[in-house]
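Please open the model in your viewer and keep a selection panel at hand, since each stop below names what to select next and then says what is there.

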Amino acid sequence: MKRPVLTAQKMFRSLRLTLVLSIVVPLMVFSGVAIYVGLGAVEENLNDRLREDLELVARAVSGPLSQAMSDGDEIVMGESLKSIFRIGRVFGASVFDEDGQQVASLGVADTDVTRSDSAERVIASGKVGGAFRQVDGVSVFSQFTPLIVGDGRIQGLLQVTRKRSDFHELVASSRIWAVTIWSMVSLMVILVVVLGHYGAVGRHVSRLLGIMEQMAPGRWRVDEAPAGPRELRQIHEGLRDMGERMMQAETEIRASVERERELAEQLEYQEKVAMIGRVAGGVAHELGAPLSVIQGRANILGRGDLADGDRRHLTDIEHQVERMTLIIQQLLDCFRHVPDSRRKTDLAATAKEVVGRIREEPRCQGVEIRSAIPNRTADILAEPTRLEMACVNIIRNACQAARSTVTVALAEHDGLWELRVGDDGPGIAEAMRERIFEPFFSTRAAGEGTGLGLAVVGSVLKEHGGRIEVGSSPEGGCRMSTFWPVYQHQEALGENSHEP
């Protein structure tokens, strides 16, 4: 099942969106709230300034208006009202007596303030006051200033009005500038976060994701050098360590699987060997007596006078009986359990004796067996009979495969004695070199070999902790090298320590 892979682009988008939502948006909301609160404060400050401007204007003309009102001089009163329009930007101005009746006016103003709470508070307290109100359908700020005579008595009111829009224009202008600046700052912050994220974090995250996507069985090693901020370098190092551990674990798993496979093969081989051994024992027991009878009867017949044709048939019978007896003996030698009776044995002497014996065999007539065995002892820990059997089989096998020459050599290296046997025969194909030690496998034609000789050699070597290698000889045929551990005195003591 293919595991889902999160692409670098998706991951980058997700991380970028997270940064925008978790940092930029809260920052913009906070700054927007701050600007809103600030605009409210600015609006209140502007309102206060406009009120102060109206109050200053009203105070500037309140003195002359009070005097003109006391004198009943309407000309001075009108000029004073006109001066209000010249001093500041106002919408209207009116003068009222102490009963709230209009005495003089200029511009848009109330004609009657008897029902105005602001006017009543100013008359009652003698302090300046004002409020937003409607005058002739126009929203204005109305500023009331008491007109006081010399003895401190309030003899009237001065009303100065200004349009509400004058306030709002300043505030609206401030809002426009604030929103514009806030939008530009927000855009700059978003760009800085997005571009800064890509330059400082995003490209390194994409690189890490690419490395993770490439990691797979057999490709766990991370060779790229870490880069980026410290945290990302730590993640990179973690990926590298994880890759090394995964590679080591994969190697261990493969080694474990290989060991289990080898153990299973060994167990299967041992079970097959045990089964064949039981079959071989039964065959030897069942065929031994009949073959002995056949051999005995053939010997009795051979003592009499026989015609040449009958003598030839009798010879063939004896030959086949000997062959069947050899097969049974090799089966028993290959698969029977031999008690451990190993002792110090001279491999060189055994090999020389076997070479001399095989030279006399009929099948090896016409083949030159060259001996390169040194005149020295080659002690190994071995069971002499089994050792001789292994040497006989391997040298005889080479003699039967050779065209004209067999070479037997002995040398010591790396704590092992190597008995090397080479011939000038057709050799053994590389694909078959592992199978020639299997029981009943033979490269010769049917009837020319039992396929048990090399199986006996392999069995003996396993018993003695040695090994065998198959290659090509300098003569062009097959080379078989058997390796036997050099005799160690301590090893012999260890073997003998089990004896009673």
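Begin with the cysteines: this predicted model holds 1 disulfide. Select C364 and C399, which form that bond with their sulfur atoms 2.2 Å apart. C364 sits in the loop between helix 7 and strand 7 (368-372), whereas C399 belongs to helix 8, so the pair ties together parts that are 35 residues apart in sequence. Are these two cysteines buried or exposed? C364 is buried, with a relative accessible area of 2%, and C399 is buried as well, at 1%. Add two further cysteines to the selection: C391 counts as buried at 1% relative accessibility, and C478 is buried with a relative accessible area of 7%.

Next, bring up the largest nonpolar core, which has 42 residues, and highlight L347, I395, V406, V408, L410, M480 and W484, the members that touch the most others. If you colour by secondary structure, the elements giving two or more residues to this core are helix 7 (347-358), strand 8, helix 8, strand 9, strand 10, helix 9 and strand 12 (478-485). Which of these elements gives the most to the core? Helix 8 does, with 9 residues. Centre the view on L347 and, leaving out residues up to four places away in sequence, you will find that it touches A378, I380, L387, C391, L410, W417 and W484. Apart from this core lies another, of 18 residues, and selecting V57, A68, V95 and L147 will show you some of its members.

Now move to helix 9, residues 453-463, which is mostly covered, 9 of its 11 residues being buried. The buried residues are G453, L454, A455, V456, V457, G458, S459, V460 and L461. Just after helix 9, select G465, which takes a positive phi of about 70°.

A second backbone stop is D414, in the loop between strand 9 (405-413) and strand 10 (416-423). Most residues other than glycine have a negative phi. D414, although it is not a glycine, has a positive phi of about 55°. With a relative accessibility of 75%, D414 counts as exposed.

For a charged residue in a covered position, select E383, placed in the loop between strand 8 (379-382) and helix 8 (384-401). E383 is buried yet has no salt bridge, and the nearest side chain of opposite charge, that of R343, is 5.3 Å away. Once its neighbours within four places in sequence are set aside, E383 is in contact with S341, R342 and H464.

Finally, colour the model by pLDDT before relying on any of its details. The mean pLDDT of the protein is 77, and 83% of its residues reach 70 or more. Where is confidence lowest, and where is it highest? It is lowest in helix 10 (residues 489-496), at a mean of 50, and highest in strand 10, at 92. Over residues 1-9 the pLDDT is below 50, and this stretch has 8 contacts in the model beyond near neighbours in sequence. Select residues 496-500 as the last stop: pLDDT stays under 50 there too, and the model has 0 contacts for them beyond four places in sequence.

Methods: Residues numbered from 1 in each chain as written. Predicted model: local features only at pLDDT ≥ 70, side-chain atom pairs only at ≥ 80, totals over all residues. Heavy atoms only, no water. Helix = DSSP H or I, 4+ residues; strand = E, 2+ residues; numbered from the N terminus. Buried < 20%, exposed > 50% of the residue type's maximum accessible area, 1.4 Å probe, protein only. Lys, Arg positive; Asp, Glu negative; His and termini not counted. Salt bridge = Lys/Arg side-chain N within 4 Å of Asp/Glu carboxyl O. Contact = heavy atoms within 4.5 Å. Core = buried A, V, L, I, M, F, W, Y, C linked by side-chain atoms within 4.5 Å. Disulfide = S-S within 2.5 Å. pLDDT = per-residue confidence, 0-100.
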